[in-house]
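Thanks for coming, everyone. Please pull up the sequence and the model, and we will walk through them together.

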Amino acid sequence: MSAPTLDRPDAAAPDEAALQAHFDATIAADRRVEPRDWMPEAYRKGLVRQIAQHAHSEIIGMQPEGDWLLAAPSLRRKAVLLAKVQDEAGHGMYLYSAAETLGADRADLTDKLIEGRQKYSSIFNYPTLTYADCGVIGWLVDGAAICNQVPLCRSSYGPYARAMIRVCKEESFHQRQGYELLMTMMRGTPEQRAMVQDAVDRWWWPSLMMFGPPDDDSPNSAQSMAWGVKRHSNDELRQRYVDMSVPQAAALGVTLPDPELALDPETGRHRFGQIDWAEFKQVISGNGPCNAERVSRRRAARDDNAWVTEAATAYAAKHAS
Ligand SMILES: [Fe+2]
Ligand SMILES: [Fe+2]
């Protein structure tokens with residue numbers, strides 16, 4: 001960079017309009033924005049919000065299935081579930097790291113989650129009542145996560161897009177292990193089949209809510225799509241998910257709990273019933289069946305492990321000096 005000249009003291013200072021134009025061109029050409037690049041403040045803030053919410057969902061998402069680790073029905077099931085829950089911790093770590101490239105502080109994000117100032121996916125506020133729930137979470141919840149996350153592999157922000165590529169590979173294992181568990185249970189006793197159906201009845205509608213509010217009630221969507229962070233609308237992804245899940249339910253031999261679910265012969269897509277958005281709003285604003293429990297566990301994890309963080313930080317500082 002050349003030194004500022006006397007007659008134009010700010011000649012070397014990057015001009016905001018030029019930076020904005022460069023950013024716009026990057027987005028228009030579908031190239032990635034990297035941490036070193038200039039970006040509009042609203043883009044940075046929006047990304048931190050989305051990535052933090054995503055990271056929190058991965059970490060909180062360990063709890064519903066983690067509850068079953070000590071009660072898995074066999075060593076094989078325990079090993080599979082342990083690997084899956086551990087993957088979710090890893091996903092959280094990739095995402096917190098991506099948020100850090102935008103200047104966010106990990107401890108601050110955790111505080112915001114615990115204080116209810118940042119959200120996480122509404123789905124993890126429902127309880128896991130039987131082992132069939134672990135299978136249904138893998139099939140439906142990780143399945144919905146895949147629908148949401150595959151397009152994010154092309155997100156305009158480089159570190160987020162790259163984290164998603166790795167996450168999606170692991171999510172596909174999560175979905176398969178869930179479906180395989182359900183297949184096994186469906187070949188079992190009438191009680192086991194009833195457990196699977198009951199779990200499907202409880203998780204189907206909340207899984208449709210995972211795509212977020214309908215397009216006409218999704219305030220951040222349009223800007224996020226214009227910036228290439230998000231690639232498809234909530235309703236579009238939800239429709240894709242329904243179309244994908246119907247044949248999988250049939251192969252499994254379960255009934256999806258929606259009497260209005262039917263194939264539209266003209267469009268080749270499935271029509272489905274009305275989602276209970278009042279329930280969604282209740283759960284997302286903290287009043288779901290397990291919100292308090294999920295957040296209080298995170299609080300306990302932060303507080304009980306503060307000494308580890310402190311010791312590790314002191315050790316690192318000592319080594320650095
Ligand atoms: Fe995940
Ligand atoms: Fe997963």
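**Cysteines, metals, bridges and cores**

Let's start with the cysteines. The sulfur of Cys-168 has its closest cysteine sulfur in Cys-153, 3.9 Å away, and that is too far for a bond. Keep in mind that this is a predicted model. Cys-168 is buried, at 11% relative accessible area.

Now Cys-147. Which cysteine sulfur is closest to the sulfur of Cys-147? The one in Cys-168, at 10 Å, and again that is too far for a bond. Cys-147 is buried too, with a relative accessible area of 8%. For the structure as a whole, the disulfide count is zero.

On to the metals. Take the iron ion (ligand 1). Which residues coordinate it? Glu-58 and Glu-88 each through OE, His-91 through ND1, and Glu-171 through OE. The distances run from 2.0 to 2.2 Å. Along the chain, the donors of the iron ion (ligand 1) are spaced as E-x29-E-x2-H-x79-E. What about the arrangement of the four donor atoms? The angles around the iron ion (ligand 1) go from 86 to 145°, so the arrangement is irregular. The reasoning needs one cut-off: four donors count as tetrahedral if all angles lie between 85 and 135 degrees.

Two of those donors share a helix. Glu-88 and His-91 both sit in helix H4, residues 75-100. They are three residues apart, about one turn of the helix. Are these two buried or exposed? Glu-88 has 5% relative accessibility, so it counts as buried. His-91 is at 0%, and it is buried as well.

Next, the iron ion (ligand 2). Its coordinating residues are Glu-88 (OE), Asp-142 (OD), Glu-171 (OE) and His-174 (ND1). Here the distances are 1.9 to 2.2 Å. The donor spacing for the iron ion (ligand 2) reads E-x53-D-x28-E-x2-H. This site is irregular, with angles of 87 to 161° among its four donor atoms. Look at where two of the donors come from. Asp-142 is in helix H6, residues 132-149, and Glu-171 is in helix H7, residues 158-186. That pair is 29 residues apart and links distant parts of the chain. Asp-142 is buried, at 4% relative accessibility. Glu-171 is buried, at 1%.

How far apart are the two iron ions? The iron ion (ligand 1) and the iron ion (ligand 2) lie 3.4 Å apart. Glu-88 coordinates both, bridging them.

Now charges. How many salt bridges does the structure hold? The count is 24. One of them takes us back to the metal site: Lys-84 pairs with Asp-142, with the closest N and O atoms 2.9 Å apart. This pair also links distant parts of the chain, Lys-84 in helix H4 and Asp-142 in helix H6, 58 residues apart. Lys-84 is buried, with a relative accessible area of 1%. Glu-65, Lys-84, Glu-88 and Asp-142 are linked in a network of salt bridges.

Two other bridges, quickly. Asp-30 pairs with Arg-32, the closest N and O atoms being 3.4 Å apart. Asp-30 is partly exposed, at 38% relative accessibility. Arg-32 is partly exposed, at 28%. Then there is Arg-302 with Asp-303, the closest N and O atoms 2.9 Å apart. Arg-302, at 29% relative accessibility, counts as partly exposed. So does Asp-303, at 42%.

Last topic, the nonpolar cores. In soluble globular proteins, nonpolar side chains tend to be buried together. In this model, the largest nonpolar core has 48 residues. Which residues have the most contacts inside it? Trp-139, Val-196, Trp-203, Tyr-241 and Val-254. Several helices each supply at least two residues of this core: H4, H6, H7, H8 (190-209), H10 (234-252) and H11 (277-287). H6 gives the most, with nine residues.

Zoom in on Trp-139. Leaving out residues up to four places away in sequence, its contacts include Gln-175, Gly-178, Tyr-179, Leu-182 and Val-200. Also among them are Ser-245, Gln-248, Ala-249, Leu-252, Val-254 and Leu-256. Apart from the largest core lies another, of 27 residues, including Phe-23, Met-39, Ala-52 and Ala-55.

To close, one residue to find again on screen: Glu-88, which coordinates both iron ions and belongs to the salt-bridge network.

Note on methods. Residues are numbered from 1 along each chain as its sequence is written. Chains are lettered from A and ligands numbered from 1 in the order in which they are written. This is a predicted model: local features need pLDDT of at least 70, side-chain atom pairs count only at pLDDT 80 or more; totals for chains, interfaces and linings use all residues. Side-chain values use heavy atoms; hydrogens and water are left out. Donors are N, O and S atoms within 2.8 Å of the metal (3.2 Å for Na, K and Ca); water is not among the atoms, so sites may look incomplete. Four donors count as tetrahedral if all angles lie between 85 and 135 degrees; four count as square planar and six as octahedral if opposite donors are over 155 degrees apart and all others between 65 and 115; anything else is irregular. Helices (H or I, at least four residues) and strands (E, at least two) are DSSP runs, numbered from the N terminus. Buried means under 20% relative accessible area, exposed over 50%, partly exposed in between (1.4 Å probe, protein chains only). A nonpolar core is a set of buried Ala, Val, Leu, Ile, Met, Phe, Trp, Tyr and Cys residues joined through side-chain atoms within 4.5 Å. Contact means heavy atoms within 4.5 Å. A disulfide is a pair of cysteine sulfur atoms within 2.5 Å. A salt bridge is a side-chain nitrogen of Lys or Arg within 4 Å of a carboxyl oxygen of Asp or Glu.
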